[in-house]
Amino acid sequence: MTGFDPLFRQAVDALQVQDRRRVLRPMTAVGKARFERPDGACLVDFSSNDYLGLSQHPALRERAADWAMRYGAGSGASRLVTGTRLLHEQVETRVARLKKTEAALLFASGWQANASLVPALARLSSEQLGAAPLIFADRLNHASLHQGCAAAGVRQIRFRHNDLDHLEALLKARDTETGLKLILTESVFSMDGDRADVPGLAAVAERYGAFLCLDEAHTTGVLGAHGAGLASEADGVHLIMGTFSKALGGMGAYIAGSRALCDWLINSASGFIYSTALPPAMLGAADAALELLPDLDEDRARVARHGETLRQRLHAAGLMTGASSTQIVPVLLGEAATALSVAAKLEAEGMLVAAIRPPTVPKGESRLRITLSAAHTEDDVRRLADGVARLCGVV
């Protein structure tokens, strides 16, 4: 207890009144897509990003344990001191091969990678072109990209969500300005489950000499040839960010691109320079997931079918899922209290679904955010759809 605690308590109480307070809820994984609460209740997990169920795959668990036993629990230092191991380079080579790029660079998390890349590219623009960058950002980008822009001290030029005409108009209006033109967007958006037009983005970037950065966190492993992501379907993506913490079932992130890009990030990305390198266990899990990925087409097809089944049943019940076309399916409910109420009732019936509220989404756009996995059965998905339809009809 400190003299400052009343200040913190007052702020938390204000969040409670607005239905915006968050709390931590410990659970135990008891198999694929299943959690057990401390009271013993078992829940089907429709909230995690473990899209292929790889977090529980024996190959990831065994290689993570093996590399920890052989190489230690930690790396001991940052990559530029003594933290780089041959293991890091092995995983980076696998990432670059998957993404068909010259090189890749590992980071501790997707947040860290995104928050680091924007200041590094801003510095490049200032030092090499003598002007601040022009950052053209989709208005629904992940908070980590917004944080990167704030850290760079650069004001975003935001284009309407997935609106390539608006993006092109903004680029055209600033075509004569000298700073590096950066386009920041995601390939699949985490709260809406919709896809960007990656070939269209690449074409616009080419016309205006812009550097295209694509966040593939929710795409890698699930979409594209052999799970390579949507960037694999278009030439002209200059930087790809992705994570090991979603479809790849582990932890960590990467940036993939040219060798020159990665060399610059090694020398300028603060999140890389000043962070301890990923430990052997995380590297082992990532290595195993990347090895498995090309042979998981059946699992990717199952996830896609689950998404189609769920959307069809929800639409038949008159519920809105926005522009979702992937394994992320929002159920748009409006008010935070409504989303919380439905989520609580679903949990009472054994189904764990996240209620997403402001500030994660705008006021009045609270929703259930359903995430589907190859670990779910068809019965799981039908039961969820029926439960959501029934409960949303009575709130």
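1. Which residue in strand 10 is the bridge partner of L239? In this predicted model, the bridge partner of L239 in strand 10 is G257. The pairing of strand 9 with strand 10, which covers residues 253–257, is antiparallel and runs over five bridges. Strand 9 also pairs with strand 8 (residues 211–215), here in the parallel sense and over three bridges. In that pairing, I240 of strand 9 is the bridge partner of L214. Strand 9 thus offers an example of both senses of pairing, parallel with strand 8 and antiparallel with strand 10.

2. How many of the residues of strand 9 are buried? Strand 9 spans residues 239–243, and five of its five residues are buried. The cover is found on both faces: L239, M241 and T243 are buried on one side, and I240 and G242 are buried on the other.

3. A separate point concerns an open sheet. Four strands form this sheet in the order 1-2-3-12, with mixed pairing. Strand 1 (28–29) and strand 12 (351–352) stand at the edges and each has a single partner strand, so one side of each is left without a neighbour in the sheet. Within the sheet, strand 2 (residues 34–36) and strand 3 (residues 42–45) run antiparallel and are joined by three bridges. R34 stands opposite V44 of strand 3. As background, strands of a sheet pair through backbone hydrogen bonds, either parallel or antiparallel.

4. On the chain as a whole, there are 14 helices and 14 strands. The radius of gyration is 21 Å, close to the 21 Å that the globule rule gives for 395 residues, so the chain is as compact as a globular protein of that length. Along the principal axes, the C-alpha atoms fill a box of roughly 60 × 55 × 55 Å. Of the 395 residues, 51% count as buried. The accessible surface of the chain comes to about 17,700 Å², and 53% of this belongs to carbon and sulfur atoms. Among contacts with a separation of 6 or more, 72% are between residues 24 or more positions apart.

5. The largest nonpolar core has 59 residues, and the members that touch the most other members are V91, V95, F136, L167, L171, I183 and F244. Leaving aside residues up to four places away in sequence, L167 touches F136, F159, I183, L201 and V204. There is also a second, separate core of 31 residues, which includes A122, L180, F211 and M241. M241 is also one of the buried residues of strand 9. In soluble globular proteins, nonpolar side chains tend to be buried together.

6. A search of the whole structure finds three aromatic pairs. One of them is formed by W67 and Y71, which are edge-to-face, with 6.3 Å centre to centre and 85 degrees between the planes. Both residues lie in helix 2 (residues 58–71), four residues apart, or about one turn of the helix. Are the two buried or exposed? W67 has 6% relative accessibility and counts as buried, whereas Y71, with a relative accessible area of 38%, is partly exposed.

7. Two residues other than glycine with positive phi deserve a look. A33 has phi near 60 degrees and sits in the loop between strand 1 and strand 2. Its relative accessibility is 14%, so A33 counts as buried. K100 also has phi near 60 degrees, and is found in the loop between helix 4 (86–99) and strand 4 (103–107). At 72% relative accessibility, K100 counts as exposed.

8. Which residues does A375 touch, not counting those up to four places away in sequence? They are K32, A33, G53 and D380. A33 is thus a contact of A375 as well as a residue with positive phi. A375 lies in the loop between strand 14 (366–371) and helix 14 (378–392). From V204, A375 is 171 residues away in sequence and 38 Å away in space, C-alpha to C-alpha. V204 is one of the residues that L167 touches.

9. A last backbone detail is a cis peptide bond between P358 and P359, with omega about 10 degrees. P359 lies in the loop between strand 13 (354–356) and strand 14.

How values were computed. Residues numbered from 1 in each chain as written. Predicted model: local features only at pLDDT ≥ 70, side-chain atom pairs only at ≥ 80, totals over all residues. Heavy atoms only, no water. Buried < 20%, exposed > 50% of the residue type's maximum accessible area, 1.4 Å probe, protein only. Pairing = 2+ DSSP bridges. Core = buried A, V, L, I, M, F, W, Y, C linked by side-chain atoms within 4.5 Å. Contact = heavy atoms within 4.5 Å. Rg over C-alpha atoms; globule rule 2.2 N^0.38 Å. Areas by Shrake-Rupley, 256 points an atom, 1.4 Å probe, with all protein chains shown as cover. Phe/Tyr/Trp six-rings, centres within 6.5 Å; stacked < 30°, edge-to-face > 60°.
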